[in-house]
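Here are my notes on this model, set out as numbered points. Please read them with the structure open beside you.

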Amino acid sequence: MEAPKLISWNLTRVCNLACGHCYLDAVQRRREATDELTTDEALRVVEEIGTLAPGAMLVLTGGEPLLRRDLDALVAAAAARDLMPVIGTNGTLLDAKRAAALRAAGAVGVGISLDSITPDFHDRLRGQPGAWEKALAGLRAAREAGLAVQVQTTLFRENLGEIEAIADCAEEIGALALNLFFLVCTGRGVTQTDLAGAEYEAALARIAALQKGRVGLMIRARCAPYVRRMLGLHAGDENGGYASWSSACLAGRSYFRITPEGRVTACPYIPQAAGDLRARPLAEVWETAVDFRRLREELPQGKCGGCDYRVSCGGCRARALAASGDLMGEDAKCGYQPAADTLPETKPSPKPTAVQWTPEAQALLARIPGFVRARVRERLEQAAALEDASLITLEFMRAHRPQGNFLAAFGRRPA
């Protein structure tokens, strides 16, 4: 069974803001709640994650994770277990000293929310005057400390017109990536104005076009698997930086979430727990939980089940659950209608390869972060096939090193 590549961990519900769209419904207080995992419990969970998914990216978020007093210890433990700790924060509490401490503890990056290029909408959404200015300061402090920076933007009607300007801002800051999130109406998000289907389509088209012209900035639509269909990418296809494995909803397949109380869900927007880490080992939950098995083994229902992109897209499972109560129901947000004579998409067969790897090349591949390792392997093997090379060596890997700063930003520091 494939190990997860990405884990999101809501360390705490404690927060210094009151964001109107918070899926966790975090609360403004200064101390952890009594039911949140203790430091000892959290360190045990880190050990379990490291055993299950070495090399995976571990996003430590909240609430506001900087208010968790043992954050540095958890980051250090994760880094020691060959995980890649990234801090998901609102940025308002991140100054130069705190950013340097996180870097020293072993954090490789931060994801900071920035929902507008001006303060008004951002501050109103976040529930605090001055939040926008502090978030920008946090982004710059992280960049100066040597942390890889991801700008996180949730899209609403109020900021749809700013997508290109936010990308400009992210580039100016020196961000590695801009993640544009499409709202899933859970938690406090149920009170927010969601986009209509046509607005989703138009925004996705703009994001896809924007990515082509910003080769130095990774721009991705999150919680919108239909971008694969808009790009014409079926399962197994890749193009323009979208790898063949970056298809469909990742929930329960290569991704899961941990709540502050230690419960495991398929994604942050799927509230039902697949297991409790105070009662069951993480590996057992990952391998046997009913919801996870359904997400891996079943095809979606309704119009998603009859679609010619049902594997490569398949719709958002959290939206299907919220709308119909069925995890494998149809995603009603998507307005795509296949042609009458179009057959439903089938799962691709594994592609055989005759390319071999030297032990030294395999060792270098193993050092690449787990969440991009499969993509790197695939691209190198494709390059070898095109060049009629039967053996991938260290020299071949170095000659085909990916362009851009992605692997450099998330690479391992010297021992």
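In what order do the 10 strands of the open sheet stand? Point 1 takes this up.

1. **The sheet.** This is a predicted model. The order of the open sheet is S9-S8-S7-S6-S5-S4-S1-S10-S11-S12. The pairing is mixed. S9 and strand S12 (275-276) stand at the edges. Each has a single partner strand, so one side of each lacks a neighbour in the sheet. In general, strands of a sheet pair through backbone hydrogen bonds, either parallel or antiparallel.

2. **Two parallel pairs.** Strand S1 (residues 6-10) runs parallel to S10, and 4 bridges join them. Leu6 has Tyr255 of S10 as its bridge partner. S4 and S5 also pair in the parallel sense, over 4 bridges. There, Met57 is matched with Met84 of S5 as its bridge partner.

3. **Strand S5.** Take residues 84-89, which form S5. Of its 6 residues, 6 are buried. Both faces are covered. Met84, Val86 and Gly88 lie on one side, with Pro85, Ile87 and Thr89 on the other.

4. **The whole chain.** The protein chain has 16 helices and 14 strands. It has 415 residues, and 53% of them are buried. Among contacts with a separation of 6 or more, 72% are between residues 24 or more positions apart. The accessible surface comes to about 17,800 Å². Carbon and sulfur atoms account for 54% of that surface.

5. **Helix H6.** Which residues of H6 are buried? In this helix, residues 163-173, they are Ile163, Ile166, Ala167, Cys169, Ala170 and Ile173. These cover an arc of only 160° around the axis, which puts them on the same side of H6. The general rule is that an α-helix has 3.6 residues a turn, so residues three or four places apart point the same way.

6. **What covers H6.** The cover over the buried residues of H6 comes from helices and strands alike. It includes helix H5 (131-144) and helix H7 (197-213). It also includes strand S7 (148-155), strand S8 (177-182) and strand S9 (218-222). Gly174 follows H6 and has a positive phi, near 95°.

7. **Aromatic pairs.** A pair of aromatic rings is described by the distance of the centres and the angle of the planes. The count here is 6 aromatic pairs. In one of them, the ring centres of Phe256 and Trp286 are 5.6 Å apart, with the planes at 50°, so the pair is tilted. This pair links distant parts of the chain: Phe256 is in strand S10 (residues 255-258) and Trp286 in helix H9 (residues 282-288), 30 residues apart. Phe256 and Trp286 are both buried.

8. **More around Trp286.** Trp286 also pairs with Phe292. Their ring centres are 5.6 Å apart and their planes at 70°, so this pair is edge-to-face. Trp286 has 1% relative accessibility. Phe292 has a relative accessible area of 0% and is buried. Arg296 adds a charge: its charged end sits over the Trp286 ring, 4.3 Å from the centre.

9. **Other ring contacts.** Phe182, Tyr200 and Tyr226 form a cluster linked by ring pairs. Arg377 lies over the face of Trp357, at 5.0 Å from the ring centre.

10. **Backbone points to check.** Most residues other than glycine have a negative phi, and most peptide bonds are trans. Where is the cis peptide bond with omega near 20°? The bond runs from Gly62 to Gly63. Gly63 lies in the loop between strand S4 (57-61) and helix H2 (71-80).

11. **Positive phi outside glycine.** Cys223 has phi near 60°, a positive value. Cys223 lies in the loop between S9 and helix H8 (227-230). Its relative accessible area is 24%, so Cys223 is partly exposed. Asp388 is not a glycine either, and its phi is positive at about 55°. Asp388 is found in the loop between helix H14 (370-386) and strand S14 (391-392). Is Asp388 buried or exposed? Its relative accessibility is 73%, so Asp388 counts as exposed.

Technical notes: Residues numbered from 1 in each chain as written. Predicted model: local features only at pLDDT ≥ 70, side-chain atom pairs only at ≥ 80, totals over all residues. Heavy atoms only, no water. Buried < 20%, exposed > 50% of the residue type's maximum accessible area, 1.4 Å probe, protein only. Arc of directions from axis to C-beta. Contact = heavy atoms within 4.5 Å. Areas by Shrake-Rupley, 256 points an atom, 1.4 Å probe, with all protein chains shown as cover. Phe/Tyr/Trp six-rings, centres within 6.5 Å; stacked < 30°, edge-to-face > 60°. Lys NZ or Arg CZ within 6 Å of the ring centre and 35° of its normal. Pairing = 2+ DSSP bridges.
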